[in-house]
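This report goes through one protein chain, part by part. The sequence and the structure come first, and the text follows.

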Amino acid sequence: MKQVVQNYKSGELSVLDVPVPGCKPGGVLVRSAFSLISTGTEMMKVSEAGMSMVGKARSRPDQVAKVMQSVATNGLPATYRKVMGKLDSYTPLGYSLCGVVEQVGAGIDDVKVGDLVACAGNEHALHAELNWVPRNLYAQVPDGLAPQHAAFGTVGSIALQGVRQGEPQLGEVALVIGLGLIGQLVVQLLAASGVHVVGADPDPVRCELAERLGAVACGDPASAAVETAVAELTGGHGVDQVYLAAGGGSNQPVELAAHLSRDRGRVVDIGKCRLDLPWNAYYEKELDVRFSRSYGPGRYDPEYELEGRDYPIGYVRWTERRNLACFLDLLARGRVDVEPLISHIADFDDAVETYRSLKDGDLKAVAVLFRYPEAAGEGQAQAPAVAVPAVRRGAEATTPARPAPARSAGAPVRLAFVGAGNYATSMLLPHLAQREGVALSTVVTTTALSAANAQRKFGFAQATTDLDAVLGDTSIDAVFVVTRHSSHADLTRKALLAGKTVFVEKPLALTEDELAGVLAAVEESGNDRLQVGFNRRFAPLLQEARNRFGARSGPASLRYLVNAGRLQHGSWYLQQGTEGSRFAGEGGHFIDTASWLLGADPVSVYAVAPSGNEDLQVVLRYPDGSTATLSYVTTGAPGFPKETLDLVADGKVLKLDDFVRASVYGRKRWVSSRLPKSRDKGQSAELASFIKAVRTGGPMPVPLESLVATTAATLAVQNALVGGAPVSLARSR
């Protein structure tokens, strides 16, 4: 299928051939009929992408701060790879469309194939021929409403949410500053609510349009016309509400809002404009400044948007989806008219030229629509008949187990990647793309564009959203599972049953049942060719320190401090309901490192946690009496090293300082040279060992028993917290 994309690094726009998205449970696959260009938000993004690197940094100081923190935590090379990988990627455009349901995912019963729906979301209602849309981000289009009008659903919901924040009442007077697409819709919604509306915009054409659509008077904010209209309508008191629907760097809208508001009036910010509030003006009138967050409650909440968990109507009357349905109803009943806003309808194939005309000013428009072909053309990719298994948890494998094919001596190791997120593209694929004797065969993702990005950057032969086809491909030697944590165990089980050698990023499993399922797949298939991404034991600096420390004769004491830090708001690591706790996701790294240094698997786990935060103290006991104390903290100083480790035994001490320096104290003292530019945590060496095992058929880099023991110990931490006592890890060998 085709999708409009932009390279944020170069600013290049293109219509790209990408795989068809899979129809996952909890949503529907929608074939687009019309999608709307947001001439405000989208064109701002398009313009920003054309800036220099310095200009991009100036426009996003929040992202610059994140980059600097990443440098302090992960080192310059790793941060550089991550940042440049994000910049030099295709990013999607679009967030408001109307289309026809082509496929219905499991758990969806409110729409059927062939229904017309309006869709929302900058990850789900893209300028693409097909989109997968979760339950709470679509609404059925009322009978009789034209699809080109229903395509305004998302921007209409944004305007509607802004009006709700202003709490207008019959007979009040409102000022709308900025009469672009959102401003024009706000004018109509207010007029439909019985409010007298004054508009302000420097463009006389937009002012005339707003007056036709319900505004009492409109004018240039720099002229006296707006102030005169407000004085006449309010008897000199000022407006009850001001809606900021303007963009740009001028502070004039904020100052005008204060000047024309009544005492204790309400100012609602809908657009992205400068907000340098003049203190005296806002204080003296005690103005109520409010923000309108996109299209309503539920926005930016992954449990609402992705998992379909609705808010009870008795507590949250107007959610994203209810706003969307409400706006569609207003359109269908003629209370809002979007036809006069449509300046241009372009064929989807002309998308690049349309954006260029908008950017250069050749096309002056309030709203522009893309029109899609009514049916798939000859040779166009069709939606897969089977949903992507990454979310079909617990389903039986559709591909029977088979032995790995015999490999000729000089044949490259052919790899498939399931998942192509940040970790895969910054920490794994760069080491594999240029490795001699490795062929990147297929990349599989649930979203079309991420697969296309990985294919372009790393040279995969194919990109797809159909996992079953990959598991059935006998030419593929090994499968990398680098998806979200909740899918690791199920995908690993399926790949093992399909006879593949598997590299799964940590964790292997989030529950004991998931771990048991993986082991059952090993037993059923006879395939134990499995590696979990516990990379720290492969770190060259730590390996050298271990060798310098040498053998020990007595029990050891190990202390490991992990200064994990706080997660950014919105991180999927915070979705504990589906992705498990943060420690369950990454704690195996540190337990595996401790066990490798101590040369054994733990026999018991004890854990305590302070009340009110995610900090953990974990004590691991080993067969020879050795202990490892793991302090996993999120409340430490960001500038302190992330990982520090001390191992004490037999009169010797091994010390590791965040993979940049190591030392051993004994009869002689050894201190490594400092590595100021990088933190090699072992990914490259780990991948080399894995590829060698696949190529030669030799033993896997880490015994399966050790991988299972580390996973069991990680899972036991939660049981220890709940039970308040050590948890035994004794198991039959």
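## A pair of packed helices

Two axes count as roughly parallel when the angle between them is under 35 degrees. The model described here is a predicted one. In it, helix α18, residues 488–497, packs on helix α19, residues 512–525, at an angle of about 0°. The two axes lie 9 Å apart. The helices α18 and α19 are therefore roughly parallel to each other.

On the side of α18, the contact is made by Ala489, Thr492, Arg493, Leu496 and Leu497. On the side of α19, Glu514, Gly517, Val518, Ala521, Val522, Glu524 and Ser525 take part. Sorted by class, the contact of α18 with α19 has six nonpolar residues, three polar ones and three charged ones.

## The chain as a whole

The protein chain has 24 helices and 31 strands. It is made of 733 residues, of which 53% count as buried. Among contacts in the chain between residues at least 6 apart in sequence, 70% join residues at least 24 apart.

## Salt bridges

How many salt bridges does the count come to? The count comes to 31. One of them is between the side chains of Arg321 and Asp110, with 2.5 Å from N to O. Arg321 lies in helix α13, residues 320–332, and Asp110 lies in the loop between β5 (96–104) and β6 (116–120), so this salt bridge ties together parts that are 211 residues apart in sequence. Asp110 is partly exposed, at 30% relative accessibility.

The side chains of Arg274 and Asp276 also meet in a salt bridge, at 3.6 Å from N to O. Arg274 has a relative accessible area of 41% and is partly exposed. Asp276, at 42%, counts as partly exposed too.

## A network around Arg559

A further salt bridge joins Arg559 and Asp646, whose closest N and O atoms are 2.4 Å apart. Arg559 belongs to strand β23, residues 557–563, and Asp646 to strand β27, residues 643–649. The pair links distant parts of the chain, 87 residues apart.

Is each partner buried or exposed? Arg559 is exposed, with a relative accessible area of 52%, whereas Asp646 counts as buried at 12% relative accessibility. Salt bridges that share partners join Arg559, Asp646, Lys655 and Asp657 into one network.

## Cysteines

A disulfide is a covalent bond between the sulfur atoms of two cysteines. The structure holds zero disulfides. Cys218, for one, is in no disulfide, and the nearest cysteine sulfur, which belongs to Cys207, is 5.3 Å away. That distance is not within the 2.5 Å that a pair of sulfur atoms needs to count as a disulfide.

Cys218 is buried, with a relative accessible area of 14%. Cys326 counts as buried as well, at 18% relative accessibility.

## The surroundings of Gly94

Gly94 lies in the loop between β4 (90–92) and β5. Its relative accessible area is 7%, and Gly94 is therefore buried. What does Gly94 touch, not counting residues up to four places away in sequence? Its contacts are Glu42, Gly121, Asn122, Ala125, Leu126 and His127.

Ala120 is 26 residues from Gly94 along the chain. The C-alpha atoms of Gly94 and Ala120 are separated by 9.1 Å.

## Backbone details in loops

Lys506 and Pro507 are joined by a cis peptide bond, with omega at about -5°. Pro507 is found in the loop between β21 (501–504) and α19, and α19 is also one of the two packed helices described at the start.

Two residues with a positive phi are found in other loops. Ser294, a residue other than glycine, has a phi near 55°. Its loop runs between β14 (288–291) and α12 (302–305), and Ser294 counts as buried at 15% relative accessibility. Asp658 has a positive phi of about 55° although it is not a glycine. The place of Asp658 is in the loop between β28 (652–657) and β29 (661–665). With a relative accessibility of 2%, Asp658 counts as buried.

Definitions and conventions. Residues numbered from 1 in each chain as written. Predicted model: local features only at pLDDT ≥ 70, side-chain atom pairs only at ≥ 80, totals over all residues. Heavy atoms only, no water. Axes fitted to C-alpha atoms, helices over the stretch in contact; angles between N-to-C directions. Helix = DSSP H or I, 4+ residues; strand = E, 2+ residues; numbered from the N terminus. Parallel < 35°, antiparallel > 145°, perpendicular 65-115°, else oblique. Contact = heavy atoms within 4.5 Å. Nonpolar A, V, L, I, M, F, W, Y, C, P; charged D, E, K, R; others polar. Salt bridge = Lys/Arg side-chain N within 4 Å of Asp/Glu carboxyl O. Buried < 20%, exposed > 50% of the residue type's maximum accessible area, 1.4 Å probe, protein only.
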